[in-house]
Every structure is written in C-alpha cells, then in structure tokens.
Amino acid sequence: MRTIFALLALLCATQLSAQAQDFPTKPVRLVVPYAPGGSGDLLARLLGDKLSKLWGQQVVVDNKPGAGGLIGTEFAARSDPDGYTLYLATDGPLTVAATLHKKVPYDWKRDFAPVSMMAVGYQIMLGSPKVPANNLKEFVALAKQEPGKFNYASIGIGSAPHLSAEQFLATAELKLTHVPYRGSSAQAITALIAGDVAMFIVGTSTAVPFVKAGTVRGIAVTSPKRLDSLPDTPAFTELGWPNVDYSIWFAVLAPGGTPPAIVRKLNADIAKVVADPDYKKTLDSRGFEAQSNSPEQMAAFLEKDYQKFKVVIEKLGLKVE
C-alpha cells in the first residue's frame, strides 16, 4: 500500500512539474492594488510587457484601487492559486497594514506565496529652503536647539513618508510635529517650498525634479550609496546613519497554495526579466533598481519588513479602524 501511495505521489509531482514547464497556456492577470499612473502601476506594466513577450501569452494588468490597497490585495488573496492571478506587492497593504489596521480581511503570511522581488527604490529627506540648514548635520543641530518648533510633512498617517520620517526622528532623537497632507506628494512639496514644513521624506522618483531645480534641498538618501540621479546628495550611511535604511520595494506574490513548481517557474522567468538591460535602464530612469530574489529570500524579507514596521507603529500607538 505504501508503494502505491508513493507511486501516486511521484506521478502527481511529475504532472505538476510538466504543467509548470508549459506554464502559462493562457493570459495571466497581474493585480495592482492602486490606480493607474502611479509607480506601482508603471512598474507592473513594464514587467507585464516583458513577461508577455517571454511567454507568448498576454499579461493583463488589473488595477483594483481603494482602501489604501486593501481591496485589490484581498481580491488577489482570494483568487485561485493556479498561477494565473499574480499580485504586485508593496509594504502598505501587507507588512504595514498587518499592524496599522485593527482588522485586515486577509493574512499576508497565509494567503500569499512569495515569488520574487522586482524593483527597489529609496527615499530622500528633503529640507525646506526657508529653513537655515543646508545639510543633515545643520538640520539636526537646529531641530535640537528648538524642539517641537519645526513641522514635517507626510501624505497621511501610516504612509511611507510618515513611517520613514518617524524612523529618522527616533534615530536622531528629534521632536518635530507631524503634518499629514492627504492625497498626493504635490501638496507636501508645495508646503515644503513655502516653509510651512521643514522636512519631507519621500521617494526619490518624486523628488528628483525638485532637487535638481533647486526648489527644495536634498539632505540625504536612504540608499546604501549615492544615487546616479542625485550625485550631490549624500546617503545616510555615508554620513554615519546606517539605521536610516527605508526602501520602497515592489514584489510579485501569488495566492497562497499556488503549486511550488509554478512558483519556481514564475521566479525563474521574473529573474530573466530583471536581468534584461532594457528593464534595468527603464527602472534606473525612474529612480529604482532592478532586483530579484528567491521565494525563500522574499519570504524572509517580508518578515523582516513586518517586524520593522511593527516596532515603529506600536511605538507611535497608531491604529486605523
């Protein structure tokens, strides 16, 4: 009897492996939990176009925005685990939402199968031209002289700019007042230029034009080293601040229960796209780095990201109904 079960298990494994080699045999849907036009949407369409050419099958980008990404994320989590629905992941609806929200309609560990990283970007600390501080050392010294006098901007409570700013303030032992501008980064940058806020930490892809134009000050970037797009802006690590390492990442996940053989096939094909010079060049022009990793490495990264945000969010006592 054991021999029969073993043979059946081997047969099933062989069939799944064969199916994975032929995957995909029909169009694949890539769910983006945000509206068209943003960074995530643009990256998803770039990846989808490359995978379509590699597979000879269409990759359909399906935008499902709403509730800070929770609607599209829940849809992806509830989809059939056959590899034909994929999910463009970033921290907000996953590793941040798990602690920030009192209740989330999915379990990011149980309901998703990590596939691969696809892109990593970084944040930049911007200073207002109205504040007499030209670099990080001067800004920290000024803020310590007058605790609570200065404001910093974000695009909402629990947003990436909010949490990354709090990470920096905790490291620097500074006290600044949080001013959330709900909506787009444009409002926060306008306030920064006018001097209504002294600091704004935001993605480099958003900030580069303003730094190059000289309308705001580029204080420091969260990348391991200086970026080619901002050669005059030092990295926090370069200035002796290695713990300010907030990154903006995008990854591909599949619904939980997707066969491992299909996950491995997806991982290998995404790695081929990420290694494509044209893909790398396009990401570089938008302030991102092309990166891929194994499903196991992706799972470990998500856990580390979750723990990082959990500490910050619990320390601030943040909670969203």
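Burial, packing and compactness in a predicted model

Author: Of the 321 residues of the chain in this predicted model, 50% count as buried, where buried means under 20% relative accessible area with a 1.4 Å probe and protein chains only. Residues are numbered from 1 along each chain as its sequence is written, and side-chain values use heavy atoms, with hydrogens and water left out. Because the model is predicted, local features need pLDDT of at least 70 and side-chain atom pairs count only at pLDDT 80 or more, while totals for chains, interfaces and linings use all residues.

Reader: What makes the chain as compact as a globular protein of that length?

Author: The radius of gyration, taken over C-alpha atoms, is set against the globule rule of 2.2 Å times the number of residues to the power 0.38; the chain has 21 Å, close to the 20 Å that the rule gives for 321 residues, so the chain is as compact as a globular protein of that length.

Reader: Why is H6 called roughly perpendicular to H11?

Author: Helix H6 (residues 160-172) and helix H11 (residues 295-316) pack at an angle of about 80°, with their axes 10 Å apart. Angles of 65 to 115 degrees count as roughly perpendicular, and therefore H6 is roughly perpendicular to H11. The contact (heavy atoms within 4.5 Å) involves residues including Leu163 and Ala170 of H6 and Phe309 and Val312 of H11.

Reader: How do you know on which side of H7 the buried residues lie?

Author: The buried residues of helix H7 (residues 185-194) are Ser185, Ala188, Ile189, Ala191 and Leu192. They cover an arc of only 160° around the axis, which puts them on the same side of H7, the arc being that of the directions from the helix axis to the C-beta atoms.

Definitions and conventions. Helices (H or I, at least four residues) and strands (E, at least two) are DSSP runs, numbered from the N terminus. Axes are lines fitted to C-alpha atoms, for helices over the stretch in contact, and angles run from 0 to 180 degrees between N-to-C directions. Angles under 35 degrees count as roughly parallel, over 145 as roughly antiparallel, 65 to 115 as roughly perpendicular and the rest as oblique.
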